[in-house]
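Subject: Structure handover

Hello,

Here is the structure for your files. My notes on it follow below.

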Amino acid sequence: MSTTITITAQERRFFERIYQVVEQVPPGQVSTYGDIALIVGGGCDARIVGLAMGDLGPRAAKVPWQRIINRSGGISTQGYNQRELLVAEGVEFDEKGKVHMDRFRWPGPSQEWAAKHGFTPLPARGSGKEEDKSQMRLF
């Protein structure tokens, strides 16, 4: 049984900006749904980023969707070879199947790029406590 997800116009208005940010994540690095939402700002949240990734259609050939994972380093998709695509880019996983986030997590766009395109750079990562509060649990 499949579930139909209704995407509101309010949610869809973020999609192009989400795709623009995801296109900045370089090969061999990953970002989280929550990080992308923080960069987009304006009320975007991790759930909306997930909806955008699931609604790519033919754009999946251009937008590197495979580089967006959950905050614990896990893959949230099923059956799309996401892990294989990431491994081919040099991303490594631990024995529990999680990406080594300390090594492969994208720090976000540069301050210059973010300012030029109207986005918010990610805050510098510290102990991880601040970051955990900003992330929404999807799975």
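Which residues lie nearest the centre of the largest pocket? This is a predicted model, and in it Gly 50, Met 53, Gly 54, Asp 55 and Thr 77 hold that position among the 21 residues of the lining. The space in this pocket comes to about 550 Å³. Helix 4 gives the most to the lining, with 5 residues. By type, the lining of the largest pocket has 12 nonpolar, 7 polar and 2 charged residues.

Next, helix 3 and its surroundings. Helix 3 covers residues 33–40, and 7 of its 8 residues are buried, so the rest of the structure largely encloses this helix. The buried residues are Tyr 33, Gly 34, Asp 35, Ile 36, Ala 37, Ile 39 and Val 40. They pack against two helices, helix 2 (15–22) and helix 4 (46–54), and against strand 1 (31–32) and strand 2 (68–69). Just after helix 3 comes Gly 41, with a positive phi of about 65 degrees.

The pairing of helix 3 with helix 4 can be described further. Their axes come within 8 Å and cross at roughly 105 degrees. An angle of 65 to 115 degrees counts as roughly perpendicular, so helix 3 is roughly perpendicular to helix 4. On the helix 3 side the contact is made by Tyr 33, Gly 34, Ile 36 and Ala 37, and on the helix 4 side by Ala 46, Val 49, Gly 50 and Met 53. The residues of this contact divide into 6 nonpolar and 2 polar, with no charged ones.

Regards

Terms used: Residues numbered from 1 in each chain as written. Predicted model: local features only at pLDDT ≥ 70, side-chain atom pairs only at ≥ 80, totals over all residues. Heavy atoms only, no water. Buried < 20%, exposed > 50% of the residue type's maximum accessible area, 1.4 Å probe, protein only. Helix = DSSP H or I, 4+ residues; strand = E, 2+ residues; numbered from the N terminus. Contact = heavy atoms within 4.5 Å. 1 Å grid on protein atoms, 1.4 Å probe; cavity = no way out; pocket = protein on both sides within 12 Å on 5 of 7 lines; lining within 4 Å. Points joined across faces, edges and corners; volume = space filled by probe spheres on them. Nonpolar A, V, L, I, M, F, W, Y, C, P; charged D, E, K, R; others polar. Axes fitted to C-alpha atoms, helices over the stretch in contact; angles between N-to-C directions. Parallel < 35°, antiparallel > 145°, perpendicular 65-115°, else oblique.
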